[in-house]
Amino acid sequence: MILNIEEKIQNLQIETRPFINGVYCKSIDGRSIPKKSSIDGRELPSLEACNEKDIDFAVKIALETYKNKIWADLEPKEKKRVILKLADLVEDNIEELALLDTIETGRSLKNYYYDSIPKAIEVMRWFAEASDKFFDHAIPPRKNSFATITREPLGVVGLITPWNDPLVVAFWKIVPALLMGNSVVLKPAEQSSYSILKVAQLAIDAGLPKGVLNIVTGYGNEAGKALALHNDVRGIFFTGSTFVGKQILQYAGQSNMKKVGLECGGKSPFIISEKCNQLEEAAKVLTKNIFYNQGQICSAPSRLIINKKIKNKFLEILLKESEKYIPKNPLSLENEVGAIVSESQKNRVEEYIKTGIESGARIITSKEELKIHNGGSYVNPTIFDDVDPNSKIAQEEIFGPVLVVIGVDTVTEAIEVANNSKYGLAASIWTNDFDEAYQVSRLLEAGIVHINSYGDDDNMVPFGGIKESGLGKDKSVYAFDEYSEIKTIWMNFKNI
């Protein structure tokens, strides 16, 4: 339990400088990014804005540390020890990290303190424990030859992480990259840099050599672009919008054909069959996953595709459940839902809502009013019925608390509507017919399909999409493959 929250916020020591070669340093040009909290509009410490020169310096340091092998050649058990120590230090500092993330992003303190950051800690411990449990391969030996197939580090990898779940996504990428022996340059979203800058020093305290993990702050179209274009960066891994993901693919091709991993947008379908007899449970799961972080989740189930025979009954339940996710003061540990990350993002969401109304869709959201009027950025849960599946609000990622409802007559039509999207991140089918559940799950175009659930997973299973939702995987042992290259060594021998 966090006590005296406002007092502790006032006493936070917030670091805003990039972290390169084990120390905080000023950006070369001395520019900064003004910031204010979306909770109530309060001014926040400005963030240093790195440019191409800063990125080049950070990459140079990372390359030097990679080449001297101080980390890359460390025994696996020693790498594991450092990461486990870092997990302990993050846990020791969870209160401060939760406050930093809350004031910067507006997400509920309760969510960061009890859910998000504990998950980030779990990610570190899982990857650390998994790192010495998998092995490389050898082909069956022949009389005079033998071959090994091994994973080799890429070298310097660039990571670009989002603002909606700062430490979880950062550790999805940082930890397997480090455990494979790489050196890392990470560019966090300018909306959520405070906590990872704190973690950078904790990593040194845990025993990570200086220069192995470097954090560069700044704008994506400057610092992020420079990182993706750098010829000494051998891999670039990004979570964010599809639009930026496509740019990163181009930058990789324009530079050195570096390895690319992208986890991008989504417009995930939540299908409810007329054969579903657990409508109340489905409503609870749907509202939680679309509304709990103001809809700011890439895999949020933002399209409800439901059989018309049960639609009205289900919507009655859904409306009641949605009232639990009306945003309230994010700084109270009693509240589940906080603010939209910024005023500009709030305006973007509201523009989509306006577009939906103009398209003829009908808002059926609960009439309970939003009670926060403190200069912050908040949007009520918004549900659209009678939505054209080809309309803008049904096709584009809104990244806000907006759910569209599309009625269908058959499960075949539901599959067609679900797959009528450029995205393919996540999906769900709710039915009590086993045959239907299996067949639909096979036909849905998504990286992960849930049956009678949504959002359930753990660190053992990979996460990532298909189509314009990206390429590559976070989490699970498959993540280690992302941050390595496969090398074959063939050996010939003479007869003895």
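Trainee: Which strands does helix α11 lie across, and at about what angle does the helix run to β13?
Mentor: Keep in mind that we're looking at a predicted model. Helix α11, residues 308-322, lies across β12, β13 (303-307), β15 (382-385) and β16 (402-408). Against β13, the helix runs at about 140 degrees.

Trainee: Those strands belong to a sheet, I guess. Which are the edge strands?
Mentor: Seven strands make up an open sheet with mixed pairing, ordered β14-β15-β16-β13-β12-β18-β19. An edge strand pairs on one side only, and that picks out β14 (362-363) and β19 (448-451).

Trainee: Take β12 and β18 from the middle of that order. In what sense do they pair, parallel or antiparallel, and which residue of β18 stands opposite Ile-272?
Mentor: Strand β12 covers residues 269-272 and strand β18 covers 426-430, and three bridges join them in the parallel sense. Opposite Ile-272 you'll find Trp-430.

Trainee: And helix α14, what do its buried residues pack against?
Mentor: The helix spans residues 411-419, and its buried residues are Ala-414, Ile-415, Val-417, Ala-418 and Asn-419. Their packing partners are β12, β13, β16, α15 and β20 (466-467).

Trainee: Leu-443 caught my eye in α15. Why does Leu-443 count as partly exposed, and which residues does it touch?
Mentor: Leu-443 is found in helix α15, residues 434-443. Its relative accessibility is 48%, so it counts as partly exposed. Its C-alpha atom is separated by 7.3 Å from that of Ile-415, 28 residues apart along the chain. Leaving out residues up to four places away in sequence, Leu-443 touches Ile-415 and Asn-419.

Trainee: Let's go to the aromatics. How many aromatic pairs are there, and why is the Phe-134 and Phe-480 pair called tilted?
Mentor: The count comes to ten aromatic pairs. For Phe-134 and Phe-480, the ring centres are 4.7 Å apart. The planes meet at 35 degrees, so this pair is tilted.

Trainee: What does that pair tie together, and how far apart in sequence?
Mentor: Phe-134 lies in the loop between α5 (109-130) and β5 (137-138), while Phe-480 is in helix α16, residues 478-482. Therefore the pair ties together parts that are 346 residues apart in sequence.

Trainee: Is each ring buried or partly exposed, and which residues form the cluster with them?
Mentor: Phe-134 has 21% relative accessibility, so it counts as partly exposed. Phe-480 has 0%, so it counts as buried. The aromatic cluster consists of Trp-126, Phe-127, Phe-134 and Phe-480.

Trainee: Which rings have a lysine over them?
Mentor: Lys-35 lies over a ring face at 5.4 Å from the ring centre, and that ring is Tyr-194. The charged end of Lys-79 is 5.9 Å from the centre of the other ring, which belongs to Trp-71.

Trainee: β5 came up earlier. What is the bridge partner of Ala-138 in β6?
Mentor: An open sheet of three strands runs β5-β6-β22 with antiparallel pairing, and β5 and β22 (484-492) are its edge strands. β5 pairs with strand β6, residues 145-153, over two bridges. In β6, the partner of Ala-138 is Thr-148.

Trainee: Last one: how many residues are in the largest nonpolar core, and what does Val-90 touch?
Mentor: That core has 80 residues, and Val-90, Ile-117, Met-124, Phe-171 and Ile-174 have the most contacts inside it. Not counting residues up to four places away in sequence, Val-90 touches Leu-97, Ile-117, Ile-121, Met-124, Phe-171, Val-199 and Leu-202.

Conventions
Residues are numbered from 1 along each chain as its sequence is written. This is a predicted model: local features need pLDDT of at least 70, side-chain atom pairs count only at pLDDT 80 or more; totals for chains, interfaces and linings use all residues. Side-chain values use heavy atoms; hydrogens and water are left out. A nonpolar core is a set of buried Ala, Val, Leu, Ile, Met, Phe, Trp, Tyr and Cys residues joined through side-chain atoms within 4.5 Å. Buried means under 20% relative accessible area, exposed over 50%, partly exposed in between (1.4 Å probe, protein chains only). Contact means heavy atoms within 4.5 Å. Rings of Phe, Tyr and Trp (its six-membered ring) pair if their centres lie within 6.5 Å; planes under 30 degrees apart count as stacked, over 60 as edge-to-face and the rest as tilted. Helices (H or I, at least four residues) and strands (E, at least two) are DSSP runs, numbered from the N terminus. A charge sits over a ring if NZ of Lys or CZ of Arg is within 6 Å of the ring centre and within 35 degrees of the ring normal. Two strands pair if DSSP finds at least two bridges between them. Axes are lines fitted to C-alpha atoms, for helices over the stretch in contact, and angles run from 0 to 180 degrees between N-to-C directions.
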